Amino acid sequence: SIGIAPDSVTFNVLIGACAKSANPSRAEHYFDMLRASGHKADAISYGHLIEAYARAKQFDRCFEVPQRMVSDNVEPDEMTFVQLIKAATFAKQPGRVSDLLAEAVARVGASHAVFAVAVSSFARLGDFVGMRSCLADVQRRGVPLRLSTVVAIADVLEGSHPAEAGELRQAVGAVGLRRPFSPEDNRPLAPAEIAAVVRIVDVLIELPVERELKEALASKDAVATTAALRTLDIPRLSMTTNTQVLKVFQRSGDLAATEAPFVAMPEHDLLSFA
């Protein structure tokens, strides 16, 4: 009525508002209006559509959006992958999170935003192996990981693993910090801090498997112990646990099975040699 036509930014704001309200049909309405007005949809427009479908739990439609981008000759940006990874998290699909992370690195590079949302996603899904792999990639590529990301992970773990959540906050010096974090507080983590976070995640990986192994050791069952060891990393076990493993196999009379964990042990004591 005042003679000012809406532009693509205006429409993207409207599509984004619909996304926050989990209203994909309304988001599609404004998306169609954007194109009908002669404007070209961009990665932001499509990112909002992904978010709208994800919040409405229409995951099939959500993961169809990248193909629509290809048809419209729109290249995804890092925020496209951030929204897709969040959607895979809502859908409880850790395998898709891994695939999207790999695709994001290949297409838009190893960015902080993509790795931060992926690490947080694995934590929310309880996939500590995926989280460990993601952090190893962070270390290898030198991707900056910020304090706020680790604090967000600690918040997720607070209910299920309170001890480890506290250790995470302590490892990055976040104990006592108030939110919202200042730019100085929300700093990139030092390599030593990331290594400390990795060690805590290693503990999270081992917790359920160690319980299984301890039950197998208590039963003195070589078959059950072998099954538990298939998912465990011998070098990270304690000397006492490794020696218990050897004793179980010793009783079974299987020399090859006894030697395998012995060779994998990082160090040996008198009992293991005996």
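Reader: Happy to be looking at this one with you! What makes the span of H2 agree with its 13 residues?

Author: Good place to start, and bear in mind that this is a predicted model. The expected span is 1.5 Å times one less than the number of residues. For the 13 residues of H2 that should come to 18 Å, and the end C-alpha atoms are 18 Å apart, so the two agree.

Reader: How do you know that the buried residues of H2 line one face of the helix?

Author: Down the axis of H2, the buried residues fall within an arc of 165°, so they line one face. They are Pro24, Ala27, Glu28, Tyr30, Phe31 and Leu34. On the face turned away from that buried side sit Ser25 and Ala36, both exposed.

Reader: And what covers the buried residues of H2?

Author: The cover includes H1, H3, helix H4 (59–62) and helix H5 (65–71). After H2 comes glycine 38, with a positive phi near 90°.

Reader: Let's turn to H1. Why are Phe11, Asn12 and Ile15 called buried?

Author: Buried means under 20% relative accessible area. Those three belong to the buried set of H1, which also has Gly16, Cys18 and Ala19. Seen down the axis of H1, the buried residues stay within an arc of 160°, so they too line one face. Val9, Val13 and Lys20 are exposed on the face turned away from the buried side of H1.

Reader: Which helices are among the cover of the buried residues of H1?

Author: Helix H2 (24–36) and helix H3 (43–55) are included.

Reader: What makes the pair of aspartate 7 and valine 9 close enough for a polar contact?

Author: The cut-off is 3.5 Å between N or O atoms. At the start of H1, a side-chain oxygen of aspartate 7 comes within 3.2 Å of the backbone nitrogen of valine 9, so the pair is inside that limit.

Reader: Now the whole chain: what does its secondary structure come to?

Author: There are 16 helices and zero strands. Of the 274 residues, 42% are buried.

Reader: Which residues have the most contacts inside the largest nonpolar core?

Author: Tyr46, Met131, Leu135 and Leu168, in a core of 67 residues. Leaving aside residues up to four places away in sequence, leucine 135 touches Val119, Leu145, Val197, Val198 and Val201. In soluble globular proteins, nonpolar side chains tend to be buried together.

Reader: And how much area does the chain expose?

Author: About 14,500 Å², with carbon and sulfur atoms supplying 54% of it.

Conventions
Residues numbered from 1 in each chain as written. Predicted model: local features only at pLDDT ≥ 70, side-chain atom pairs only at ≥ 80, totals over all residues. Heavy atoms only, no water. Core = buried A, V, L, I, M, F, W, Y, C linked by side-chain atoms within 4.5 Å. Buried < 20%, exposed > 50% of the residue type's maximum accessible area, 1.4 Å probe, protein only. Contact = heavy atoms within 4.5 Å. Helix = DSSP H or I, 4+ residues; strand = E, 2+ residues; numbered from the N terminus. Areas by Shrake-Rupley, 256 points an atom, 1.4 Å probe, with all protein chains shown as cover. Arc of directions from axis to C-beta. Polar contact = N/O pair within 3.5 Å; in protein donor to acceptor, adjacent residues only side chain to side chain.
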